[in-house]
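Here are a few short exercises to work through with the model open. Try each task before you read its solution.

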Amino acid sequence: MAAFTISEGSGAHRRLRWGAGLLGAAFLIVLPLVIPSVAQIETITQIVCYSVAILGLGLLVGHCGQISIGHSAFVGLGGYTTIILVADHNWPYLATIPVSVLVCLVAGALVGIPALRIRGLYLATVTIAVAALFPVLVNKFPSFTGGPNGKFANEEMTAPDWFFVNPYTPTGPPTDHYYAILVVAALMFLIAHNIVRSRVGRAMHAVRDAPLSAAASGIPVAKVKIFAFAVSAAFAGVAGSLLVIQLPAVSDTRFDLYLSIFLLVALIAGGSASIAGAIPGAIVFVVLRTYIADWAEGLDLLGGRPDGGQIVGILSGALLIAFVFLLPGGVIDGLKALRRRIVEIVPRPPRDWERYRFAGRSRTDQPAVRES
Amino acid sequence: MSDLLRIEGLVVQFGGVTALDGVSFSVREGQICALIGPNGAGKTTAFNAISRLVRPADGQIRFAEHDLLGLEAADLSGLGIARTFQNLALWPGMTVLENVMVGRYARGRVGFAASLLGRPARVEDREVRARAYAMLDYFGIADVAHRDCEGLPFGTLKRVELARALVAQPRLLLLDEPAGGLAHGDVRELGETLMKLRDDHDMTLLLVEHHMQFVMGISDYVVALDLGRNLVAGNPAELRDSPELVEAYLGAPV
Amino acid sequence: MTHPLLELRAVHAFYGDVECLHGVDLTVADGEVVVVLGANGAGKTTLLRSICQLVRTKGQILFDGAPIGANTYDIVRRGVSMVPQGRGTLVDLTVEDNIRAGGYIRRDKDVESDLGYWYEVFPPLAQRRSTLAGSLSGGEQQMLAIARALMSKPKLLLLDEPSLGLAPIVVRQLFDVLARVCAERAVAMVVVEQNAALALGMAQRGYVLEAGAIAVTGEANTLRDDENVRRAYLGY
Amino acid sequence: MAITTTDRPDSPAGRRSRGGDVLAARRRRSAAKSLGVVTALLAAFSVYAIIDGGLTLYLQRVIDGATNGVLYGMVALALVLVFKATGVINFAQGAMAMFGTFLAFTAVDKWAVPLVVAILIGMVLSAGAAAGIERVLIRPFDPSNHLPIIIVTLALYLALNALAALLWGFDPRGFPTLFPTGSDDYLSIGGARLYYTKLGTALVAVAVVVALHLTLSRSRLGLAFRCVASNVESSRLLGVHIGRTVQSSWAIAAAVGTLAGCLAAPTTYLDPTFMDKILIYAFAAATLGGLDSIAGALVGGVVTGLAIALLTGYIPWLGGEFALGCAFFVIIAVLQFKPSGLLGRRTQDRV
């Protein structure tokens, strides 16, 4: 039983939400300032970047019920868009993000169009082919992409002079990157929140749970699916751009099929049907791919063939299975259950619902069912 | 009063089996029209054809001035047609309130682009939420508004489905076995509700139903089908003693 | 000691968390034909499905004096066979494979001769033995479903709306054959049927289900003359 | 006591075209039509190819494409077996085949058993493992809810690949072949070379497909397979043990996959990723074939193999590494124009 009960929309509830929000924001803002190490700042920056990709994947998988094993390609598309515009055309970093969005929206819609005609599983085979195809395409056009050698930008993103972080300390530039990325990511979370709460978001849920009933309720199922796919790809594209802002170097191996699968692992671990789940998901993702990998590097199982990557693979597989079995709602579901033990938020009727009261003129002069 | 829905020569085939074989009837504005017939007569198929879930091989379906066969299932809600399903077609993972809110989708104006922005979506969301809640209140089930559909009793779910159909404020309401699975008291109450919808909210109702007493009690016009064809049609008083109808139900001349 | 072939004691059935049967008692004696009437959604189908454990149940179900078990495939092996609503035709299999599938649990040598027997009973099936079952007409599919269900040599046959979508004349013929075959093989039956007049004509006893509970029970003759039953289920 | 009348003569249910089987006929027509379109496209391209590069080169590419394609078809067959029984694509099918191939390799390499026996050992072990996986990781889930099952197969993909890399490392190894491999062990067809290895591989693959097809159409297990694929609930009511049937499909699929792996490994080399590309070609093949047809898987495999060999061979701009792209376009094109594949059956969702 919860220790406190709060009514939804009441003053206490609003204070709680604002309080939690401000606390979270303060934490995120102060975080790089209290961490002394460049590597750690870079790690949390990566978490923020990947959370956007996972968020996008969640919109598609968790909210619209479509599976994609091809999101590595969209992350890569965003990343390459940014690096090409920055390195070859001297665009400022942040200005490339809208271009990434546009490119990935179109690419996502194109991949999603088969969804018009086909059911879930076929789409999964299409997306897995997309993921496998992307590195091949990158190598196909080396003049744009640098081919197998990868592509670099000579200059990192720099903050304007008025910005409060001193760029001449070792932690200065990564902190700048962190803040820029954090702002963009916050915007993406806001957008995702808006989508899920809107009419379109409800339509996505309806399509996920029962497509036929959705169609019967006037929802254009195919359009909704393509929209979800395109938007989801655009989120992945933004994540790609952010990753390039964090580290201005890309190569084909950075965006392979494994990235797609790890994004799914992270999504399931975090909680696929919740916006906030992308954050624990991204933490799982980065912890698996950096910390665990580093730790496993030092292990020496099976005589002299230590490879962090393998341990990570096995662990991720096991983790994924464990989550699907034990906590299908992901970490975020667990956290919510915990929160409910402390504070229970009781839903309230919507405001002003009486205005829309559906009532007829009362008629008592007529028997209800005419007896036969 | 004019014909709101007009169906002519409807033919539906599943594989090699003809489920509807030239069914015709029309529903006048403001009527409660019942489609009856033994199981397998093609009533639900006719419904699914009207709501564009199955594709007829032949025939015409006109709603007001629209040719429904030229439209998609998703377009109907916008024209003012809503329906319920025999076996319920709700979304188990969503709350009752959200289920009802989806019913209003076609009347919403926030498009894909606007949904990104928040403000317009939120204004609309607030209104739809209130309307949906009011609808639940009308059916006396506002207390379960925030619960997931999964696990609620059948009678409640039937009301949720009715609320979802009504929240779109349709001109024509299609009800597939609204009384199916309800206890006697609930059936009576449902009859009152449906007549109120016709009388007070200017709705036209087309329903498929087995419960004879219910049908005869509330309908203005009854169309009986048998084996995919029109059997008889008329007002309840005319039909009550129709030998064709008795035979169709009993499978034997009486 | 004699005990009924099938006995349900206070059986509750659930779809997910929704309770659809609220404590149903029912018995079927050896070779007896019992009809279950009720409005759509009253729980008739659920009743049959709970006997086969296709839904989650609470309460006791005894078959041949012993608990019926929890697994459908074991229940079938013990001698319960069901023709589901909509006939459950295996539409991608040929007619012959459908009937063979009915004898899936049998390993004896009489399968082939039994196959011949059913072709004799239902000549239309014999003519179309190598066509896909999905393209049969409704009546033929119902014959197929009955032949398939009886291929497993059950002691109890559960029939869910066998008349659904069939012309009255076909229904009557089907019921005639069914009654004779079952009598010949001493198969007891539970028939769920909308066509109450027909079903009551063939049954010894009947139950009326209303909203998941037994409302009326009695001899078939008594039920047929009951005013309420006539109004509600016979449609006149 | 026989029923003589089927339906009332004028009743709609009785009105169907003479000769019956409208459904089957329609399906056959549509399959024939789409196969015709594919053949016509291939033929048209062949004319161009022969004019462009000569007959010998063309024949060589057709031979290469077809023999590779048969392998893709075999892996596709494994996918189809699982799909038919469960409605789920096993994304770990390639990884399971790779693992089984490594087991066979270990048997040859470490225990020095004859190759045929080693392959059998690999097949049996992977079948057993697959049966176990099905029991422990797949069966607990509601079979109608596909998403968690797909996630589990992806998890298996990750874990099996990693485990294989941990056990055997990434160094590519040569895998022995069952057939003579000398440089002049080939049949010459119009100047093109059909090596015995490829011929043998293709023959084994075709034999497996035929054998499986026969088994599944004649045996009791096959009957159970087809029942479950057609209608789960009806099968349950006939006394079929659904779980065990699905389990057998996993086991057989794993064995077939391992055999395909052992046949493919000599032509590439053996490392933990060697099945990844083949799996994607197999997806293309299975999609092309319609995902639920055993014959379709083989036909789809051959068509995919031919498409890849001819397109990458004759359109220089595409280049050899673009084979994946071809597979991708095959999938997209099929899904756009023939959503249920060449030989698949169309299903209709119902409310």
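**Exercise 1: the A–B interface**

Start from contacts (heavy atoms within 4.5 Å): 46 residues of chain A are in contact with 54 residues of chain B. This is a predicted model, where local features need pLDDT of at least 70, side-chain atom pairs count only at pLDDT 80 or more, and totals for chains, interfaces and linings use all residues. Residues are numbered from 1 along each chain as written, chains are lettered from A in written order, and side-chain values use heavy atoms, without hydrogens and water.

Task: work out how much area chain A and chain B bury between them, and which three residues of chain A supply the most.

Solution. Step one: take buried area as the accessible area (1.4 Å probe) that two parts lose on being put together, summed over both. Chains A and B bury about 4600 Å², with 62% of it on carbon and sulfur atoms. Step two: on chain A's side, A:Arg199, A:Arg202 and A:Phe358 supply 19% of the area buried against chain B, more than any other three residues.

**Exercise 2: charges across the interface**

Task: find which residues form the salt bridge between chain A and chain B.

Solution. Step one: look for a Lys or Arg side-chain nitrogen within 4 Å of an Asp or Glu carboxyl oxygen. Step two: the count comes to one salt bridge. Step three: that's B:Asp125 with A:Arg202, whose closest N and O atoms sit 2.8 Å apart.
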